[in-house]
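Visitor: I should like to understand the terms used for this structure and the grounds on which each is applied. Please show it first.

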Amino acid sequence: MAGPSWLAYTFAGVMIITAAYCVSRLVIARRRHRPTDHQVDAVHILMGVAMAGMLVPRLRIFWAGGWEIVFGAAAAWFTWQAIRGLRSQDAIGRGQRHHLQHALACLAMLYMFLAAASASRAVAAGSAMSGMAGGAAHFPTLALVLAFALLGYVVWTTDRLPSLAPVAAFAAPGVPVPVLTGAAASSSTAGDTSGSTLPAGDHAPAGRGWGPPVSPRLAACCEIAMGVTMGYALILML
Amino acid sequence: MTIQATGASSGGRWLSGIGVAREERWAAPDTRRLLQLALAGIWLLDAVLQFQSFMFTRGFAQMLGGTAQGNPAVIAGPISWSARLIGQHGTAANAIFAVIQLLIALGIAWRPTIRLALGASIAWALGVWWLGEGLGGILNGAASPVNGAPGAVIIYALLAVLLWPGRPGRPAPFVAGRFTGAALARSLWLVLWGSLAYLALQPATRAPHALSGMISGMASGEPGWLAGVDNHLGAFLGHRGPAAAVVLAVVLAVVAVGVWLPRPAARAVIVLAVVAAAAIWIAEGLGGMLTGGGTDPNSGLLLALLAVAYWPLAGRSPVITQSASPEGA
């Protein structure tokens, strides 16, 4: 991936910090009985590590083709969840629609890895073939469309930041938490800034001493950082 | 989006109570806020484009310096000076430019800083219009609606003014008139589209093969489909350039006066404006974004966004009350 090395290191550093923070979210959620969206936090960890490796080759930790499988599966999973949400009539089901944005991010990752692999193969095949092979497998218009969508999502998320109050990472448990439904549950989940509910499996049982969700505002900031970095990486591939 | 300023459900109160959601401080975006977000999105795209490798090279400074050509000395002097300065400190200067645009984008999108960011965007856009675009070429005879005149960046500034938050109680027949008032907003529209119509009749556009050469020239470096469209369009206009320029001028003139027409006709004119803006954007090769050297999406996309802001609203002129208006919007 071309671009000034210091800039690539900066973005890679942001991605590593984001991934580390998402690890801490999962740990805090488990230890302090606070709800979070485990799927979203987990995929953010994977995206952070993968993006860092894409931006700075020495940080690559996966075998060739591995990330394509991971993000292909993640995109399929989130798309399926979103389709279920679109079909659903109840509030919790409708909350699953926000998975569309995660499906989009996974598709963008998949595109970037496929395009990078294609370009590498083209270079390996020789300079005479490189332009043709790279051009055939790498669709710049698709990269631009994905960048548009991701940057739009960044703006959308930023607009919602004031609705998400900062919650201390070590907020005390014990606050009675009702089962979240419909509009009331919106924006309370990790990584969910579009107004959705917690996944059914992540609902805090009422009266069992669950604390507030883990820092929704910081989760949104992670999505913003990730969206900008992915947009940058996609634009570099044009 | 489900958190509403007015939707004080019991669950919503619980969220506020534990400090997760601040419902009282946030409302669903209205049309003006959506347009502000679209503007923020374009600024964000600009910022990311500014991070491209090419912008860190001397080629970027040379591109800026090239806009001095043909301009009066009082305009060209500062352009050449700033291009030299950027050329000497290319990496730092470009990084600063990109970060400024990133902050403007996020500042517009984040409600508490929208006024600050819009104000900064106006100042930044005016500076770039002069030092980066040579006033859009309007003084050196090279300006054409098809090559981005009167300068894409000046449309950012215009949008920032028209979409400025505040004056929530002011009635207006379209969103763009809420802050400045309908009369001033219509006048600004007339000046912009009228100047485009005028420029379409100037030699830079009307001369034989001028339009054709300009559009074909955009195809270089573009992906196949866009290069094909621009090449075919250029070939089609090869012997029809002057006539096409006159047709373009007439269309742009109709758009310019269309906002004074009754609502149904004005809506038709706004649709025409969006179609014309889309055609201009295609002719501009989407601002060269797909070539790896584009600094912004150029004027077509912004003209379309501007046109949407002038869409005649249904019914009576809306009066936005303070309580229902999104914070900062």
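The exchange below takes the terms one at a time.

Visitor: What kind of model is this, and which scores does it carry?

Guide: The model is a predicted one. It scores ipTM 0.85 and pTM 0.86.

Visitor: How do you know which parts of chain B the predictor treats with less confidence?

Guide: The pLDDT expresses the predictor's confidence in each residue on a scale from 0 to 100. Chain B averages 87, and 87% of its residues score at least 70. Over residues 1-24 of chain B, however, the pLDDT is below 50, although this stretch has 64 contacts in the model beyond near neighbours in sequence. Residues 317-325 of chain B also stay under 50, with 15 contacts beyond four places in sequence.

Visitor: What secondary structure do the two chains have?

Guide: Chain A has 8 helices and 0 strands, and its pattern along the sequence reads α-α-α-α-α-α-α-α. Chain B has 15 helices and 0 strands.

Visitor: What share of each chain is called buried?

Guide: A residue counts as buried if 20 or more other C-beta atoms lie within 10 Å of its own. By that rule, buried residues make up 49% of the 238 residues in chain A and 50% of the 329 residues in chain B.

Visitor: How many of the contacts join residues at least 24 apart in sequence?

Guide: Among contacts between residues at least 6 apart, the share in chain A is 76%. For chain B, the corresponding figure is 69%.

Visitor: Why are α14(B) and α15(B) called roughly antiparallel?

Guide: The axes of α14(B), residues 263-283, and α15(B), residues 299-309, cross at roughly 170° and come within 7 Å. Angles over 145 degrees count as roughly antiparallel, so the term applies to α14(B) and α15(B). By class, their contact has 11 nonpolar, 2 polar and no charged residues. Among the residues that meet there are Ile270(B), Val274(B) and Trp281(B) from α14(B), and Leu301(B), Leu303(B) and Ala304(B) from α15(B).

Visitor: What makes α15(B) largely enclosed by the rest of the structure?

Guide: The conclusion rests on a count: 9 of the 11 residues of α15(B) are buried, so the helix is largely enclosed. The buried residues include Ser299(B), Gly300(B), Leu302(B), Leu305(B) and Ala309(B). They pack against α2 (31-50), α7 (152-162) and α14 of chain B.

Visitor: Which residues touch the most other members of the largest nonpolar core?

Guide: That core has 158 residues, and those touching the most other members are Cys106(A), Ala108(A), Leu159(B) and Leu252(B). Leaving aside neighbours within four places in sequence, Leu159(B) is in contact with Leu39(B), Leu302(B), Leu305(B) and Leu306(B). Of these partners, Leu302(B), Leu305(B) and Leu306(B) are buried residues of α15(B).

Visitor: How do you know the relative direction of α3(B) and α4(B)?

Guide: Helix α3(B), residues 58-66, and helix α4(B), residues 73-88, pack at an angle of about 180°, with their axes 8 Å apart. The cut-off for roughly antiparallel is over 145 degrees, and α3(B) and α4(B) are therefore roughly antiparallel to each other. Arg58(B), Ala61(B), Leu64(B) and Gly65(B) of α3(B) make the contact with α4(B) residues that include Ile79(B), Ala83(B) and Ile86(B). By class, this contact has 5 nonpolar, 4 polar and 1 charged residues.

How values were computed
Residues are numbered from 1 along each chain as its sequence is written. Chains are lettered from A and ligands numbered from 1 in the order in which they are written. This is a predicted model: local features need pLDDT of at least 70, side-chain atom pairs count only at pLDDT 80 or more; totals for chains, interfaces and linings use all residues. Helices (H or I, at least four residues) and strands (E, at least two) are DSSP runs, numbered from the N terminus. A residue is buried if 20 or more other C-beta atoms lie within 10 Å of its own, exposed if 12 or fewer, and partly exposed in between; C-beta atoms are placed from the backbone. Two residues are in contact if their C-beta atoms, placed from the backbone, lie within 7 Å. Axes are lines fitted to C-alpha atoms, for helices over the stretch in contact, and angles run from 0 to 180 degrees between N-to-C directions. Angles under 35 degrees count as roughly parallel, over 145 as roughly antiparallel, 65 to 115 as roughly perpendicular and the rest as oblique. Ala, Val, Leu, Ile, Met, Phe, Trp, Tyr, Cys and Pro count as nonpolar, Asp, Glu, Lys and Arg as charged, and the others, Gly among them, as polar. A nonpolar core is a set of buried Ala, Val, Leu, Ile, Met, Phe, Trp, Tyr and Cys residues joined through C-beta atoms within 7 Å.
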